[in-house]
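Dear colleague,

I am passing on the structure we spoke about, with its sequence, so that you can have both open while you read. My notes on what was found in it follow below.

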Amino acid sequence: MNRLLLVANRLPISITKRLRELRFTPSPGGLATGLSSLSQSYQCHLIGWPGIASEKLTDEDKAEISEKLSAEKYSPIFLSQKQVEQYYLGFSNRTIWPLFHYQPLNTVYENRFWQTYKQVNQTFSDEVINIAKPGDCIWIHDYQLMLVPRLIRQQLVDAKIGFFLHIPFPSFELFRLLPWREEILNGLLGADVIGLHTYDYVRHFITSASRILGLEQTLGKISVGNRIVKVDAFPMGIDYEKYSQAVNDTDVQNEVRKILQKVGSRKIVISIDRLDYTKGIIQRLEAFDLFLSQNPEYKGKVTLIMVAVPSRTGLEDYRMMRNRLEQLVGRVNGEHGTIGWVPVWYLYRFVPFKSLVALYKIADVALVTPLRDGMNLIAKEFLATKGDGKGVLILSEMTGAASELGEALIVNANNKAAIIRAIKDALEMPTDEQVERNRLMQERLSRYNVSRWSKDFLHALSDVSKAQKELSVRKLTESTRKNLISDYRKAHSRLFLLDYDGTLVGFADRPEKAGPDVETTSLLQSLSSDTKNHVVVTSGRDKATLTKWLGNANITLIAEHGAWTKQKGRDWQCVEPLKNDWKDTIRPVLELYADRTPGSFVEEKDFSLVWHYRKAIAELAYVRTQELKGTLLNLTANLNVGVFEGSKILEIRNLGLNKGRATEFWLAKKNWDFIIAAGDDYTDEEMFAVLPKEAYSIKVGFSISKARFNVDTVHEIRLLLKELAGD
Ligand code: GDG
């Protein structure tokens with residue numbers, strides 16, 4: 001059975017020490033319970049902090065802890081008090097947590113927090129590296145450990161590494177505020193799969209990777225060096241069975257009875273969260289206060305049961321919030337309450353599971369209105385307990401859960417009037433409607449439960465690792481190279497199809513600077529001097545440039561992706577006449593963008609227009625490219641031209657032009673017994689696609705390609721060609 005190493009800040013256990021004796025209390029967090037279903041397919045091993053500062057422990061204590069926990073397949077990470085304060089309470093909860101929850105004004109940027117965060121992430125990685133074996137899956141969780149994927153990758157190059165972020169990934173405008181944004185992105189990109197709760201967060205992550213690191217993506221796959229990183233949405237589910245079955249437990253039923261005896265026939269609204277400013281608890285209570293003022297007929301008829309679970313009590317902000325909340329509860333109860341009716345029942349504690357389920361069960365309305373929340377599992381758990389389908393969920397649109405639970409009463413958590421209206425609508429909603437809405441959501445939640453979530457994530461991880469392996473298998477190895485050379489030597493009629501930019505020569509700041517050096521021209525000369533060889537350079541360049549650079553070589557030139565051909569010793573010929581009238585509409589648009597984007601310019605060829613932005617500021621170029629693409633797609637909708645994105649260019653050209661057609665022409669010309677084709681970008685894919693399967697097709701650079709082989713750099717392809725030329 002494969003091993004799964006689960007790495008998270010906390011182990012699902014708490015250790016305390018009294019009178020020199022250690023006490024171990026299981027604290028089953030959502031994650032550990034949620035992932036228990038994986039134990040059928042994986043041998044799970046958990047790595048995390050056991051919840052006690054190392055100053056309180058002797059060496060013997062640590063040995064005892066390690067021994068006891070290893071029986072549970074847990075590896076403890078020991079952290080000092082200072083590390084807990086600076087890495088956990090500091091960087092994780094005063095920098096990342098507020099910033100990622102759209103609270104930039106509450107965000108603290110302290111270098112010492114960051115230094116300790118790096119140090120602790122290193123400690124976690126060292127432990128993983130220490131216990132990992134080949135074939136293990138490593139799954140890292142959450143914002144406390146964002147540097148771990150890369151730290152592990154640096155040591156275990158081929159490891160299968162996944163990362164899941166449980167909180168929102170903020171929009172680029174927020175993320176860019178972080179002084180250590182590059183390091184955080186690079187840290188995450190050490191993973192093979194980065195999982196987020198929603199597509200919005202995926203989009204935000206991809207935008208940040210592109211605008212901050214200049215990385216490009218296709219369909220959620222980002223190329224990082226010679227690796228592919230998949231970024232995708234995996235909305236976390238709950239253990240649906242567990243909650244839907246729990247309502248039948250005798251303990252839960254007793255609890256339900258007890259609460260109902262106290263509340264009587266009043267309607268019950270519940271509010272349950274960790275006490276955190278992101279959860280919108282105070283705003284929610286203010287809305288409830290206003291609801292009672294504006295709807296006095298509900299006085300005495302409805303009770304709000306508010307559970308605030310103590311959280312991060314070591315932070316001043318959290319302590320202050322508790323004071324504010326308790327004052328407000330006092331005021332609301334004082335102002336609206338009567339003898340015999342307390343409007344808000346307030347509990348500041350962690351409630352046992354049976355009480356939690358009982359509260360869900362008896363609630364007529366669940367008021368879940370965070371200001372921001374990665375997902376929010378309370379909303380889902382509430383629905384799972386509603387076997388009879390009765391009950392109304394009021395849900396903030398700022399939660400990840402809102403994208404799955406559209407049948408709930410969705411509100412803007414900052415809009416008190418909307419919350420007040422929703423409370424009233426919920427209390428008055430006909431039972432049929434409640435049932436109808438809930439059934440749809442319940443079906444979805446029971447299908448996409450936590451076990452499905454984790455399996456989906458791990459499948460994605462296996463798929464990406466497989467693709468990664470295929471990619472490295474496709475690397476042109478020494479033995480394929482030898483085969484290629486031996487096939488070449490045996491052959492009598494050989495065809496070379498070589499792209500120019502990015503294949504024979506590297507990119508330059510400006511296209512006109514990428515002319516061939518002496519070595520390139522003499523390489524092409526040597527190849528073509530062998531009468532068995534026919535060399536074709538297939539380029540997107542215009543014919544004037546190719547004539548200037550390669551006109552004297554005894555080779556065939558293809559310009560503008562196949563629009564023009566110059567066969568050995570002949571003149572240029574236009575393959576087929578194409579319409580060009582579209583250029584007059586498109587040119588002014590491109591020129592406008594060139595003016596608005598310093599460093600960019602427009603190139604005009606016979607059958608295409610190209611906007612180059614290699615020298616423009618990356619961030620500005622990104623914004624402009626997106627705008628320009630949108631504009632061009634609109635303008636060209638009814639024309640026979642396409643908009644193509646290449647390496648730092650946008651090209652608009654006639655749809656009939658592509659290297660595939662040009663390649664087919666050359667393939668049909670003769671009975672070649674050796675074909676080699678090399679290229680680096682999307683236009684070369686058209687060439688690779690039409691080649692016979694025995695042809696040696698080589699992609700320069702590492703990304704998925706139709707080519708049979710990949711090489712890393714221009715240098716490598718030139719070395720190969722030199723060897724063939726006998727240079
Ligand atoms: C983070 C993200 C994301 C809460 N109070 C009690 C109790 N709980 C359990 C609930 C639920 C879990 O804790 C809370 O999960 P949430 O999703 O509501 O929120 P966070 O703790 O902020 O979690 C969040 C989540 O990670 C998962 O990815 O959804 O957005 O912030 O399971 O049942 N359980 C018991 N007593 C309590 O008093 N027994």
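The protein exposes about 31,500 Å², and carbon and sulfur atoms supply 50% of that area. Please keep in mind throughout that this is a predicted model, so that every value quoted here is computed from the predicted model. Of the 727 residues in the protein, 56% are buried, and the C-alpha trace spans about 105 × 65 × 45 Å along its principal axes. The protein holds 25 helices and 29 strands. Among the contacts with a separation of 6 or more, 71% are between residues 24 or more positions apart.

One strand that deserves your attention is S16, which covers residues 392-396. Because five of its five residues are buried, where buried means under 20% relative accessible area, strand S16 is largely enclosed by the rest of the structure. The side chains divide between two directions, with Val 392, Ile 394 and Ser 396 pointing one way from S16 while Leu 393 and Leu 395 point the other way, and all of them are buried.

Which strands pair with S16? Strand S15, made up of residues 365-368, pairs with S16 in the parallel sense over four bridges, and within this pairing Val 365 has Val 392 of S16 as its bridge partner. Strand S17, made up of residues 409-411, also pairs with S16 in the parallel sense, here over three bridges, and Ser 396 finds its bridge partner in Val 411 of S17. The connection from S15 to S16 involves helix H14, residues 377-384, and S15, H14 and S16 together make a right-handed β-α-β unit.

The other element I looked at is helix H8, residues 199-213, which has 15 residues and reaches 20 Å from its first C-alpha to its last, close to the 21 Å expected at 1.5 Å a residue. Is helix H8 mostly covered or mostly uncovered? Helix H8 is mostly covered, as eleven of its 15 residues are buried. The buried residues of H8 include the aromatic-ringed positions you may wish to locate on screen, namely Tyr 201, His 204 and Phe 205, and also Val 202, Ile 206, Thr 207, Ser 208, Ala 209, Ser 210, Arg 211 and Ile 212. After helix H8 comes Gly 214, whose phi is positive, near 70°.

With best wishes

Definitions and conventions:
Residues numbered from 1 in each chain as written. Predicted model: local features only at pLDDT ≥ 70, side-chain atom pairs only at ≥ 80, totals over all residues. Heavy atoms only, no water. Buried < 20%, exposed > 50% of the residue type's maximum accessible area, 1.4 Å probe, protein only. Pairing = 2+ DSSP bridges. Right-handed = clockwise from strand over helix to strand, strands pointing away. Expected span 1.5 Å × (residues − 1). Contact = heavy atoms within 4.5 Å. Areas by Shrake-Rupley, 256 points an atom, 1.4 Å probe, with all protein chains shown as cover.
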